[in-house]
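Trainee: I would like to go through the cavities and the nonpolar cores of this predicted model. Please put it up.

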Amino acid sequence: MLLARVLAQLVKVGQLTVIDSTGKARVFEGEPGPVVTIRITDPAAARAIALHPNLCLGEAYMEGKLVVEDGGTLYDLLDLFGHNLARFGPHPFAQMQIRVDRVFRFLQQYNPMSRARANVSHHYDLSGRLYDLFLDHDRQYSCAYFPHGGEDLETAQDLKKRHIAAKLLMSRNQKVLDIGSGWGGMGLYLAREMNADVTGVTLSTEQFNVSNARAQKARLSNRARFELKDYRLLEGTFDRIVSVGMFEHVGVYHYRTFFEKIRDLLDDNGVALLHTIGRMEGPGTTNPWIRKYIFPGGYIPALSEVSSAIEKAGLWITDIEILRLHYAETLRHWRQRFMGSWDEAAEIYDERFCRMWEFYLAASEISFRHLRNCVFQIQLTKRQEAVPLTRDYITDWDRDLVGKSRHRAA
């Protein structure tokens, strides 16, 4: 059994019991760690997982050909694999697939305007009811901020918006651009809390409709407008530019265009803040399962790739913060909420979709807990004098905004 030979080399931490389609069980174990039992009901699926684990493990789970037994969960299985991959690296078969992927990286990352819109629609134009099942009330679909670690999801997402506003060093009535504005939460926050004049752009028809409806309902339409437009078509200048959770869809070969556009749109004394998932190692490729089923055209950048493009655009990097386990905690909340709403999700789509979404959320959480993914928050300016000489003002602004929020609540 090819899969048995692969697992014998891979599992050096924990214990994995695999029951094949004939009912035969094989046990693979190493140092003390997670204990998981799975059943693979199709011999072809077992071979596929052995030969192309990065794609076929997720596909087998989606199709019901891989089942976690004995009260365990998919998260338990991926956690076991995560422990082993973090310490010992991928199996040679997986390494070979990664090398092949790198050969075709240009095609995977080619993201002109027409393709960018189709890629965004694949994920973000899903039913809004789905996102309501696991996101917070503001539909913040990016890493929350857990300064103490015990915050609930709603609080942590509000703290994320506040933390970004602090880094933007805003004053009232400024003109703000939100690139990749989602369902409008960040833009509406700045319009409401800072009296900003906000323009948001998205490529998702669903997000475009929802964000403008939210602005109208909140009586903020005069201060927050959302457009269905590619950022490359924008003109004018803005005092502040923010982009949260959108850069992962730009495509590595379009980074210089992205930052040159920020440079051209930013006022001479302006401040921009980029919030993006990142990898704590060199350039790589997108996991093929994620690329096929969840985020076509998506890519998590290395800091070296981002900083190089910023340098070429002639912008100052005035602050970088690395958020490490914050996204792991965010995804834990999302996964638990989704699992608690499984039946409702199955009514919207079907069981196969639910297994796909569970795999996406669980695998993503593991990538932040064990596999060196993180979040970069990068502050950019055109002039080095645009922000104070030290970053104390970020903490001061955080605290000041807390006080203002409490005053309004009282």
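Trainee: How do the residues of the lining of the largest cavity divide into nonpolar, polar and charged?

Mentor: The largest cavity has a volume of about 450 Å³. Its lining comprises 31 residues, with Gly 180, Ser 181, Gly 182, Val 244 and Met 246 nearest the centre. Glycine counts as polar here. The division is 13 nonpolar, 12 polar and six charged.

Trainee: Which element gives the most to the lining of the largest cavity?

Mentor: Elements giving two or more residues to this lining are α7 (113–124), β5 (175–179), α10 (185–194) and β6 (197–202). The one that gives the most, with three residues, is α7.

Trainee: How many charged residues are in the lining of the second largest cavity?

Mentor: The second largest cavity has a volume of about 40 Å³. Its lining includes Ile 179, Phe 258, Leu 273 and Leu 380, and also Ser 243. Two or more residues come from each of β8 (238–244), α12 (255–265) and β9 (266–279). The lining divides into nine nonpolar and one polar, and the charged count is none.

Trainee: Which helix supplies the largest share of the largest nonpolar core?

Mentor: That core has 74 residues, and those with the most contacts inside it are Leu 16, Leu 66, Tyr 141, Trp 289 and Trp 357. Beyond its neighbours within four places in sequence, Tyr 141 is in contact with residues including Trp 183, Phe 295, Trp 357 and Tyr 360. The largest share of the core, 10 residues, comes from residues 351–369, helix α17.

Trainee: How many residues are in the second, separate core?

Mentor: Among its members are Val 201, Met 246, Val 306 and Ala 313. Met 246 is also one of the residues nearest the centre of the largest cavity. The size of this second core is 29 residues.

Technical notes. Residues numbered from 1 in each chain as written. Predicted model: local features only at pLDDT ≥ 70, side-chain atom pairs only at ≥ 80, totals over all residues. Heavy atoms only, no water. Core = buried A, V, L, I, M, F, W, Y, C linked by side-chain atoms within 4.5 Å. Buried < 20%, exposed > 50% of the residue type's maximum accessible area, 1.4 Å probe, protein only. Helix = DSSP H or I, 4+ residues; strand = E, 2+ residues; numbered from the N terminus. Contact = heavy atoms within 4.5 Å. 1 Å grid on protein atoms, 1.4 Å probe; cavity = no way out; pocket = protein on both sides within 12 Å on 5 of 7 lines; lining within 4 Å. Points joined across faces, edges and corners; volume = space filled by probe spheres on them.
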